[in-house]
Amino acid sequence: MREDVESLDIRDVTANWVNAIVLQAQIDDRIKALADLAHTPLFFGRLNYLHAPGASLAEGAEGEQFYIGRRHVHDAGGDPMVIDWRAPVSQPFYRASKKDPQDIGLRRRFGYTGGELTAYEDEHLSDPAEASAVSKLLQQEIERPRVGPMRDIVATIQPEQDEIVRSGLGGSVCVQGGPGTGKTAVGLHRVAYLLYAHRDRLARTGTLVIGPNRSFLHYIEQVLPALGELEVKQATVDDLVARPGVAEVRAVDGAATAVVKGDARMAEVLRRAVRSHVTPPTEPLMVVRGSRRWRVPAYELAEIVEELQNRDIRYGAAHDALPQRIAHTVLVRMEQAGEAPDDRVQDAVARTPAVKAVVKQAWPPVDPAKLVLRLLAEPEFLAEHAAGILDEDEQRLLLWPKPFRSVKSAKWSPADLVLIDEASDLVERTHSLGHVVLDEAQDLSPMQYRAVGRRCTTGSATVLGDLAQGTTPWATRSWAEALGHLGKPEAVLEELTAGFRVPREVIAYASLLLPQISPGLAPVSSVRETPGSLEVRAVAAEELTGAVVAACRAALAHEGSIGLIAADERIGGLGEALVADGLPYLAPGEETTAESRLTLVPASLAKGLEYDYVVLDEPGAIVAGEPDERTGLRRLYVCLTRAVSGLTALHAEALPGALV
């Protein structure tokens, strides 16, 4: 298929050089999408239908078989050899069962080792004599050691996951999933499915995956290309609201200040501040055209301004509409005087100095960054627009101790840029995408949700998260509240409770924290039984670092990736100890290889990552590193659940009470 595309000659089929460039770019993208991936087979399953799909069962149509793979593959004659996993005919591979065979006589799974076919396994779903059994190949694929970036789960998608993946583009979906339930993979595969089912529409409107940090995005960046999707953009919330060259992040807010800046009430403060620039005209307008003068009294100008205010359209759109509305009023007077002006005359009137002066006085331009600068630097300006919304203590938290004089000199925080983004949308509407996937959503503030929601006002969203893993002071308390801030209150809430990554012994231990960190949340039920996967050991304080290094060396004797997770303040010392003991290590986001499998992970960056074996250093220090105990215990819950095969936790301090 790739050679066929490479051999295309477009010299005689393009009308001009522009068409030739566009067509060549499309061909290059197609060649790139058809690239062979090392150790990635073209197919992983087969379905034998009892009757041809779409044929009436009464017709006695013969059965048909299909190979299922990551992408469509056809032979030289154009006949399909492998069916894309997203095609309707592939759906029974994921959902058919002994109870509901869906006209499938045989489902075959293929097993691979390093890209080589090594096994296969058959299920005769329509044969009542064959007992239902757990697929060993499926279990082996789920438990396969993790080296390198996150891989797709296209061969192991479970029925409850497939329902979410294949839900329609029109509606938004929120997925609550505990550690190891596959929510991130489900979100990414949903993007791939939507691009397959609605390619033309999403090609026009765009898709975006939003993650919590760059390390996480680097970890997941290979999943969609492996499924043949190369055009999906990835970003963090900070990337979305960035103002390069205008407002640079050079500061970090304290927790209390960040909570106020992230509060949804700030949206109303900003709206008031923007609208405060509107001033009804108090002087009449005089427009001179040739020998004639046309007068519009102040009260009529004020009525035009008031009408635009009542329409509640974007500030910038109203600023652009105001001169045309004033010019139209002048044209009415011209017509009443017997003249016959046309649209060109109206445009000319709108551009006259007199009209421009009225617009500048009544509806002046607003610079979003300068507006936020005033709110954070001028107590009187903030008090005027926050009255009845924020109390005096909250207003004091917002104000800079030493005001900055300009946007460029200001030391902006990440939360400040979210405020500027909100103000920018009040002035000019933010461009909306067709679909947005928001991962680790539980950590967003209400204002961050609003920033993401602005990017999908006319599209849909897939929201992924776990309330128990919220580790910011402003973490989401309920999905209903979060979806309201996102502007998608009608989104369907789905819950994944079956765990496929974390061993049962490990997730049960971590779940002891749930009553304290997220009361009422159902614990994950892991399908993986790995006896001996958990070790919690107390050591003397002076021996802790040595014991941690020794545990890392022991873990490296196993196959797969190793993660050493510790409180941020302990990372420097542990790094030195590893190097001194001859154990080189990677930082989060750096790709593991067969030769370099140990990653040193600060607890603050562990979310969303996974390792075959995890060594956890001093759980108490992880808890103590957060502003409050609840947030600290949530951070610890995240760290405890990063292991795929085994967890070793070493401590010199006392463990949190729930874990004793």
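1. Start with strand 1 (residues 45-49), which is mostly covered in this predicted model: 4 of its 5 residues are buried. On one hand, strand 1 runs antiparallel to strand 5 (residues 104-113), joined to it by 5 bridges, and R46 stands opposite R108 there. On the other hand, 5 bridges also tie strand 1 to strand 2 (residues 64-69), again antiparallel. In that pairing the bridge partner of L47 is F66.

2. Next, the sheet of 6 strands. This one is open, with parallel pairing and the order 9-8-12-13-7-14. Strand 9 (233-236) and strand 14 (492-496) are the edge strands, and each of them pairs on one side only. Ignoring direction, neighbouring strands here are turned by 15 degrees against each other on average. If you want a place to look inside the sheet, try strand 7 (residues 173-177) and strand 13 (residues 460-465), which pair in the parallel sense over 4 bridges. C174 of strand 7 stands opposite V463 in strand 13.

3. Helix 22 ties this sheet to the next bit. Helix 22 lies across strand 7, strand 13 and strand 14, at about 145 degrees to strand 13. Helix 22 (residues 479-486) also packs with helix 21 (residues 446-454), their axes 7 Å apart and at an angle of about 50 degrees. That angle makes helix 21 oblique to helix 22. On the helix 21 side the contact uses P446, Y449, R450, V452 and G453, and on the helix 22 side W479, A482, H485 and L486. Sorted by class, that is 6 nonpolar, 2 polar and 1 charged residues.

4. Have a look at D443 while you are there. D443 sits in the loop between strand 12 (435-438) and helix 21. Is D443 buried or exposed? Its relative accessibility is 13%, so D443 counts as buried, the cut-off being under 20%. Setting aside neighbours within four places in sequence, D443 is in contact with Q448, Q469, G470, T471, T472, W474, A475 and K607.

5. The sheet of 5 strands is also open with parallel pairing, in the order 17-21-20-18-19. Strand 17 (534-538) and strand 19 (598-602) are at the edges with a single partner strand each, so one side of each has no neighbour in the sheet. The twist from one strand to the next averages 15 degrees. Strand 17 pairs in the parallel sense with strand 21 (residues 643-651) over 5 bridges, and there V536 has A649 as its bridge partner.

6. Two helices go with that sheet. Helix 26 (residues 571-580) lies across strand 18 (562-566), strand 19 and strand 20 (611-617), running at about 165 degrees to strand 19. Helix 28 (residues 629-640) packs on the sheet too, touching strand 18, strand 20 and strand 21, and its direction makes about 140 degrees with that of strand 20.

7. Last, helix 13 (residues 298-311). At 1.5 Å a residue, its 14 residues should span 20 Å, and the end C-alpha atoms are 20 Å apart, which agrees. Which residues of helix 13 are buried? They are A298, E300, L301, I304, V305 and L308. The buried residues pack against strand 10 (285-289), strand 11 (292-296), helix 14 (315-336) and helix 16 (353-362). Right after helix 13 comes D312, with a positive phi near 55 degrees.

How values were computed. Residues are numbered from 1 along each chain as its sequence is written. This is a predicted model: local features need pLDDT of at least 70, side-chain atom pairs count only at pLDDT 80 or more; totals for chains, interfaces and linings use all residues. Side-chain values use heavy atoms; hydrogens and water are left out. Axes are lines fitted to C-alpha atoms, for helices over the stretch in contact, and angles run from 0 to 180 degrees between N-to-C directions. Angles under 35 degrees count as roughly parallel, over 145 as roughly antiparallel, 65 to 115 as roughly perpendicular and the rest as oblique. Contact means heavy atoms within 4.5 Å. Ala, Val, Leu, Ile, Met, Phe, Trp, Tyr, Cys and Pro count as nonpolar, Asp, Glu, Lys and Arg as charged, and the others, Gly among them, as polar. Buried means under 20% relative accessible area, exposed over 50%, partly exposed in between (1.4 Å probe, protein chains only). Two strands pair if DSSP finds at least two bridges between them. The expected span of a helix is 1.5 Å times one less than its number of residues.
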